[in-house]
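I sat down with this one to look up a handful of things, chain by chain. Here are my notes, in the order I made them.

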Amino acid sequence: MSTPRKPRVESAARSDQMLPRGPRKYVSAVVAAAGLGKRYRRRWALRDCTLEIPAGQVTGLVGPNGAGKTTLLTLIVGLLTPTVGTIEVCGGRPAGDATQLAKVGFVAQDTPTYAGLTVAEHLRLGRHLNPRWDDAQAQERIGRLGLDPSQKAGRLSGGQRAQLALTLGLAKRPELLVLDEPVASLDPLARREFLQLLMEAVAEQEIAVLLSSHVVSDLERVCDHVVVLVDSQVRVADDVDTLLATHHRLSGPRREADTLPADQHVVWASHTDRQSTYVVRTESPVLDPAWTTTPQGLEDVVLAYMEGTPSDPAGTPLAVVR
Amino acid sequence: MIEFSLDSRSGVSPYLQIVQQVRRALRLGLLEVGDQLPTVKDVVAKLAINPNTVLKAYRELEREGLVAARPGIGTFVTRTLTDSSLAAHEPLRRDLVRWLTKARLAGLDEESIEALMTSTFRAVHEDIA
Amino acid sequence: MIWLTWRQFRIQLLAVYALVGAVCVWLALTGPALAHLAARNKDVYDLLSSTDLLLFNGGIAVLAVAPAVIGIFWGAPLVARELESGTYRLAWNQSVTRWRWLAAKLGFSVLATAVAVGILTTTVTWWAQPLDGIQGSQRGSLASRMTPISFAMRGVVPVSYAVFAVLLGTLVGLVVRRSVPAMALTLAIYVLVQVAVPWWVRPHLIPPTTTTVFLSEDTLDGIASTGSGPFKITARGADPRDWVLTNQTVDAEGHPAALPSWFGDCLPPPPSDPGSGATTQVHQAPGTLDACLSRLSDEGYRQRLVYQSHRHFWRLQWAETGLYLAASGVLAGLSFWWVRRRLS
């Protein structure tokens with residue numbers, strides 16, 4: 001890691017110089033980060049983060065607790081400023097001005113709401129403070145969810161508060177909605193209802209969604225695109241379809257990693273004295289008859305990346321919740 | 001109107017499950033020509049899956065000529081797959097019966113027969129795909 | 001944003017204004033009668049009931065405490081509570097910049113504070129005006145409004161104190177990020193400032209007046225002694241309502257000097273209870289003392305008084321208000337800087 005310098009974050013007027021070097025992967029990206037890093041005193045919460053989040057799609061940010069997911073999301077939303085690197089969100093500096101703020105919605109961890117304000121007053125708050133607020137949509141959703149407008153937010157259940165926060169984030173009609181572990185503390189029913197509301201909104205409005213989770217199993221049904229973050233670094237960021245098509249689990253007689261063909265990149269490996277199992281990433285087909293290939297779901301691929309980090313081969317325990 | 005369900009344990013990707021469920025409904029006569037498939041929004045609101053998944057499934061069905069999308073209105077069935085089509089494959093069915101008898105005589109029990117069929121099916125399927 | 005600020009502030013606002021209202025009503029009821037009394041009687045101090053005295057001192061107390069209390073309870077949690085509870089993550093994601101958000105909150109609370117304390121101080125000043133600085137025929141008096149203890153609770157300065165307290169509370173809350181510790185720290189700093197300013201700063205806010213008086217029976221205020229040590233003389237100024245800063249004996253050349261040794265013979269022996277304390281005020285039968293004082297004057301001893309005239313009351317008030325408002329401006333600026341730069 002090079003010595004980190006401490007640049008001031010440039011104003012949006014000079015944002016051209018902030019773009020990551022090299023060709024853009026996506027024609028329109030809602031988030032473009034280059035070399036992004038954030039340090040708290042001695043510890044780097046996020047390092048060398050270079051990625052693009054595509055517009056109009058649902059992106060999942062997954063990784064074990066403490067991997068830096070919240071840090072990345074708060075950098076995107078503009079509640080933190082980077083220590084090194086650059087980040088551009090919806091074409092501007094995060095939280096640069098009111099217009100920029102209107103483009104990004106945020107549902108923070110534990111879905112903060114004002115305990116003393118009623119549901120209706122929260123909607124009023126949104127209406128007063130957001131120029132693109134869609135009140136009809138918000139009222140209709142609140143009605144459909146069965147929330148009592150005159151009830152104080154402090155008295156709602158966890159699932160109801162999460163849905164209120166989601167409604168607030170959606171009704172301001174942002175280009176990007178960021179959610180930090182929105183369903184982590186919800187029971188399965190509340191979780192399902194939250195995701196239903198979210199997916200319905202995605203079907204209805206042109207919006208990009210970035211949600212983080214340490215529960216991997218929700219991802220395949222919900223995400224188009226996945227970013228895996230482990231130990232403050234991005235391990236892989238790709239479309240779900242590509243991930244599924246290019247990753248294979250191979251098991252066969254024992255052999256070392258350097259005997260594998262050059263175009264097969266090892267993501268995860270496990271050996272017994274007789275047998276080797278690898279998860280590899282490759283563009284070309286696997287033709288070696290010695291291997292038995294097993295189809296990999298998204299969950300398997302993500303787990304392989306999470307477990308296969310060089311610094312900690314044993315891996316951190318993860319939640320696989322069905 | 002058909003209702004979809006997702007089995008997250010099956011190992012089959014969600015979009016394929018939807019395609020399969022539509023095909024199965026067509027085969028069993030639950031869907032007839034002219035019936036409307038649920039809107040993307042409705043499917044997504046019920047199953048909590050990505051809308052692109054549903055779109056992909058509907059496009060696949062459209063490619064196979066089973067449904068057609070009418071913009072602004074919905075997606076409608078244009079062709080069925082009733083059992084009558086299966087009747088055309090009588091020789092294949094007879095081959096299958098013969099093979100099953102052979103397997104039985106070789107001493108395989110039901111589970112072994114099913115395992116053999118599934119693994120061979122998968123292997124062949126992968127080669128083709 | 002105005003609506004939101006009001007909505008979050010509602011209960012605190014109503015509570016304080018209700019109290020202010022109650023105090024004002026009570027003062028309004030008793031005020032005119034008192035003014036009447038004072039106008040007709042010169043020695044009105046002796047006619048004051050204990051309730052009136054209670055109100056007088058109570059008025060001082062309320063105005064002493066009000067700015068601090070308001071500052072702490074309105075200012076400290078203003079931002080700290082949002083930081084503490086995490087709701088800032090909701091607030092700062094709405095389409096208002098942090099500066100606009102803070103400006104609305106600060107503007108609202110500063111205005112509400114200024115008005116509340118303004119009403120309070122106007123009423124108390126009006127009520128106490130006939131009574132300030134009156135002397136009783138016996139040994140009793142009410143503090144002149146120039147003295148530190150009263151000055152801070154009259155006129156315009158309480159408003160500036162309150163504004164200062166609110167902005168101090170907000171900044172401390174921003175830095176500390178927790179409501180309760182912020183309140184404690186704000187109180188501590190505020191008290192420190194309120195002690196330091198009258199002690200070191202206020203005497204010099206406008207240039208004080210210096211005058212020298214010859215010592216005589218009329219001008220002598222008292223003689224103090226520390227057991228068998230040197231004596232100190234204090235003199236009276238032209239007007240008892242002035243705020244005397246320095247009361248010093250100077251010799252013929254104008255340098256501060258101790259009293260000559262023969263002066264001790266002028267005084268009667270000290271009362272025979274040596275453990276009664278370090279200083280005793282002594283009054284002597286007329287005649288002996290007068291002769292001593294004339295002799296002092298002949299030898300060139302005079303008393304120098306440095307004081308702030310009571311006629312400068314309002315000038316001093318505005319000067320101090322300006323000082324506190326300037327400090328408030330600095331605090332506000334720091335708050336804006338902090339919320340943008342440091343909370344990331």
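Which helix of chain A is largely enclosed by the rest of the structure, and why? I found helix α1 (residues 69–77) of chain A: nine of its nine residues are buried, so α1(A) is largely enclosed by the rest of the structure.

**Ground rules.** I noted that this is a predicted model, where local features need pLDDT of at least 70 and side-chain atom pairs count only at pLDDT 80 or more, while totals for chains, interfaces and linings use all residues. Residues are numbered from 1 along each chain as its sequence is written, and chains are lettered from A and ligands numbered from 1 in the order in which they are written.

**α1(A).** A residue is buried if 20 or more other C-beta atoms lie within 10 Å of its own, exposed if 12 or fewer, and partly exposed in between, with C-beta atoms placed from the backbone. Helices (H or I, at least four residues) and strands (E, at least two) are DSSP runs, numbered from the N terminus. I listed the buried residues of α1(A), among them A:K69, A:T70, A:L72 and A:V77. Right after α1(A) comes A:G78, with a positive phi near 95°.

**Chain A overall.** I counted nine helices and 13 strands in chain A. Of its 322 residues, 48% are buried. I call two residues in contact if their C-beta atoms, placed from the backbone, lie within 7 Å. Taking contacts in chain A between residues at least 6 apart in sequence, 70% join residues at least 24 apart.

**Domains of chain A.** Chain A is divided into domain 1 (12–240) and domain 2 (242–307); domain bounds come from an automatic or database domain assignment. Their C-alpha centres lie 33 Å apart. The contact takes 15 residues from domain 1 of chain A and 10 residues from domain 2 of chain A. On the domain 1 side, α7 (219–222), β8 (225–230) and β9 (233–239) of chain A each supply at least two residues, and β9(A) gives the most, with four residues. By class, that side of domain 1 has nine nonpolar, two polar and four charged residues. For the classes, Ala, Val, Leu, Ile, Met, Phe, Trp, Tyr, Cys and Pro count as nonpolar, Asp, Glu, Lys and Arg as charged, and the others, Gly among them, as polar.

**A against C.** I see 23 residues of chain A in contact with 15 residues of chain C. On the chain A side, α2 (98–103), β5 (104–107) and α3 (119–129) each supply at least two residues. The most comes from α3(A), with four residues. I split that side of chain A into 14 nonpolar, five polar and four charged residues.

**B against A.** Here 15 residues of chain B are in contact with 18 residues of chain A. The elements of chain B giving two or more residues to this side are α2 and α3 (51–63), and α2(B) gives the most, with five residues. The side of chain B that touches chain A divides into eight nonpolar, four polar and three charged residues.

**How do α6(A) and α2(B) pack, and at what angle?** Helix α6 (residues 188–204) of chain A and helix α2 (residues 40–47) of chain B pack at an angle of about 160°, with their axes 7 Å apart. Axes are lines fitted to C-alpha atoms, for helices over the stretch in contact, and angles run from 0 to 180 degrees between N-to-C directions. That makes α6(A) roughly antiparallel (an angle over 145 degrees) to α2(B). I looked up the residues: A:Q196, A:M199, A:E200, A:A203 and A:E204 meet B:V40, B:K41, B:V44, B:A45 and B:K46. They divide into five nonpolar, one polar and four charged.

**Odd phi values.** Most residues other than glycine have a negative phi. I noted A:R41, with a positive phi near 50°, in the loop between β1 (29–40) and β2 (43–54) of chain A. A:R41 counts as exposed, with 4 C-beta neighbours inside 10 Å. I also noted C:R177, with a positive phi near 70°, in the loop between α7 (157–176) and α8 (179–205) of chain C. C:R177 is partly exposed, with 17 other C-beta atoms within 10 Å.

How values were computed: Parallel < 35°, antiparallel > 145°, perpendicular 65-115°, else oblique.
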